[in-house]
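Student: Before we discuss the assignments in this model, may I ask how each term is justified? I should like to set every value against its criterion.

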Amino acid sequence: MRRTLFSKIFLWFWLASAFIGVISAALSLKVDPKSISINRYSEKVINAGKSFIEIYEKDGPPALGHACDDFERENRVSIYLFKGSRGPLSGRQNVTFEGRHTAITAAATGMASDTPSARGVWYAAALGDDYTVLAELPPPMPMEQFFQPEFLGLRLAMSFIVAGLFSYLLARSLTRPILQLRKATRRFAGGALATRVGSILEIRKDEIADLGWDFDTMAERIEALVDAQQRLLRDISHELRSPLARLNVALELARRNSKENPGNALDRIERESERLNELISELLTLTLLESGTEKIEKEPINLAGLVESIVEDSDFEARDRNRLVKIVTCEEVVVNGSEEMLLRAIENVIRNAIRYTNEGTSVEVSLLRQEIDERKFAVLRVRDHGPGVPEAALGKVFKPFYRVEDDRGRLTGGTGIGLAITERSVLVHGGTITVSNVSDGDGLLVEILLPISEG
């Protein structure tokens with residue numbers, strides 16, 4: 001039978017509410033401790049007293065004594081028969097003063113009376129013809145004592161504990177699979193496309209299990225689509241490299257065999273061929289980074305030394321374009337990661353800044369240590385003095401081949417995927433990258449945060 005989430009919620013709340021209702025009803029009872037035993041034994045004692053009168057009047061005190069003993073063995077209640085102020089008529093004299101007083105009071109008033117005893121309660125009832133039956137009743141049983149007024153605090157504590165237990169089990173039953181599903185969605189969003197929850201929720205037969213199976217179906221479909229896209233990109237990239245290689249060979253042969261001077265045309269063909277080859281190489285790199293199949297070997301990296309090396313090389317190239325690259329601040333920082341990937345990521349950002357900063361200006365690079373939310377980060381900032389990027393386009397510059405106003409893009413570089421590779425590389429290292437226009441409208445600022453290695 002299918003157990004729905006609705007039925008579980010209904011049954012659990014019903015049980016909890018019913019149990020609390022029972023406890024509330026019990027708490028509202030004001031029970032006299034003596035009345036519990038009297039209510040249980042009074043009728044039996046009175047009936048026994050009536051039979052004892054017949055035995056006494058017919059067979060005398062010895063027979064009455066045997067009858068009282070039999071009653072006591074069967075019911076564990078001491079019982080006596082009085083007549084007026086005389087008694088016990090059975091000849092047994094082990095009745096306390098309180099017991100005798102209780103019997104005399106009942107005989108005098110013609111009504112039942114009771115007083116506490118050392119073991120429970122003395123109970124006496126007038127039976128007519130001046131006879132009175134007296135019994136020493138036992139105290140209430142432990143469970144009955146629990147519902148006495150003096151145990152009110154304990155009952156309140158027990159009710160809170162039991163209600164809390166029911167509520168905990170209910171909350172755990174409902175939220176545990178949801179939390180598991182949430183963890184799975186986070187792993188899936190983080191790039192683990194093989195994440196599934198069917199094996200975790202297979203023991204359930206409710207709507208949450210159905211949601212889990214729907215998640216698995218969706219995940220399988222998305223994984224298949226992503227795999228197909230990445231496989232297509234890899235196949236296209238590999239297929240393009242073969243004709244490119246042949247084109248380069250043919251280009252070289254044309255140079256050798258040409259009798260005239262086709263240098264400009266051949267140079268143009270060579271540049272486009274190199275550009276296409278670079279595009280294919282970066283496309284393959286981007287595909288590997290997005291698929292998550294490329295496992296990087298992390299090692300301690302002196303980020304300050306890496307930045308200084310990149311700035312030195314970039315400045316050498318920038319001087320040919322009447323531009324400069326300079327370091328504003330460079331603090332010693334060590335991070336864990338792949339030196340090759342970080343070098344390429346930082347180099348992409350700086351070279352793009354060189355390409356678009358105005359002539360006669362400098363690209364400014366700074367590296368700082370900074371603590372954010374009790375975590376230490378290396379903060380790399382690259383600022384140029386160019387036209388900037390429209391605010392609406394800032395969040396899109398990380399997309400491969402994204403164009404700003406029909407241009408290749410402010411930060412995309414020569415192939416259009418340089419910044420996309422930079423972003424993926426930073427994310428692989430557990431960092432973040434952001435771009436923003438400088439407040440005075442003079443240039444763009446790229447900021448990269450990488451967690452610092454404390455080892």
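Tutor: This is a predicted model. Let us begin with helix α11, in which Met341, Leu342, Ala345, Ile346, Glu347, Asn348, Val349, Ile350, Asn352, Ala353 and Ile354 are buried.

Student: What makes these residues of α11 buried?

Tutor: Buried means under 20% relative accessible area. The listed residues, including Met341 and Ile354, are classed as buried, so each of them falls under that cut-off.

Student: How do you know what span is expected of α11?

Tutor: The expected span is 1.5 Å times one less than the number of residues. Helix α11, residues 339–356, has 18 residues, and 26 Å is therefore expected. From its first C-alpha to its last, α11 reaches 26 Å, which is close to that expectation.

Student: Which residues line the largest cavity?

Tutor: The lining consists of Leu342, Ala345, Ile346, Leu380, Val426, Ile448 and Leu450. Among them, Leu342, Ala345 and Ile346 are also buried residues of α11. Helix α11 gives the largest share of the lining, 3 residues, and both α11 and β11 (444–451) supply at least two.

Student: Why is this space called a cavity, and how many of 30 Å³ or more are there?

Tutor: A cavity is a set of points where a 1.4 Å probe fits but cannot get out. The structure holds 1 cavity of 30 Å³ or more, and the largest contains about 30 Å³ of space.

Student: What is the class of the lining residues?

Tutor: The lining has 7 nonpolar residues, no polar ones and no charged ones. Ala, Val, Leu and Ile count as nonpolar, so Ala345, Val426, Leu380 and Ile448, for instance, belong to that class.

Student: Why are β8 and β9 said to pair?

Tutor: Two strands pair if there are at least two bridges between them. Strand β8 (residues 362–372) and strand β9 (residues 375–383) have 9 bridges, so they satisfy the criterion, and their sense is antiparallel. One bridge joins Glu364 to Arg383 in β9.

Student: What is the strand order of the sheet that contains β8 and β9?

Tutor: This open sheet of 5 strands follows the order β6-β8-β9-β11-β10, with mixed pairing. The edge strands are β6 (324–330) and β10 (432–437), since each pairs on one side only. Neighbouring strands are turned by 20° against each other on average, direction ignored.

Student: What makes β1 and β2 edge strands in the sheet of 4 strands?

Tutor: That open sheet has the order β1-β4-β3-β2 and antiparallel pairing. Strands β1 (78–83) and β2 (113–116) each pair on one side only. The twist averages 20° from one strand to the next.

Student: How do you know that β2 pairs with β3?

Tutor: At least two bridges are required, and 4 bridges join β2 to strand β3 (residues 121–128), so the pair qualifies. Thr115 has Trp122 as its bridge partner, and Pro116 stands opposite Val121. The two strands form a hairpin with 4 residues between them.

Student: Why is Gly191 called partly exposed?

Tutor: Its relative accessible area is 43%. Buried means under 20% and exposed means over 50%, so Gly191 lies in between and is partly exposed. Gly191 is found in the loop between α6 (152–189) and α7 (198–201).

Technical notes:
Residues numbered from 1 in each chain as written. Predicted model: local features only at pLDDT ≥ 70, side-chain atom pairs only at ≥ 80, totals over all residues. Heavy atoms only, no water. Buried < 20%, exposed > 50% of the residue type's maximum accessible area, 1.4 Å probe, protein only. 1 Å grid on protein atoms, 1.4 Å probe; cavity = no way out; pocket = protein on both sides within 12 Å on 5 of 7 lines; lining within 4 Å. Points joined across faces, edges and corners; volume = space filled by probe spheres on them. Axes fitted to C-alpha atoms, helices over the stretch in contact; angles between N-to-C directions.
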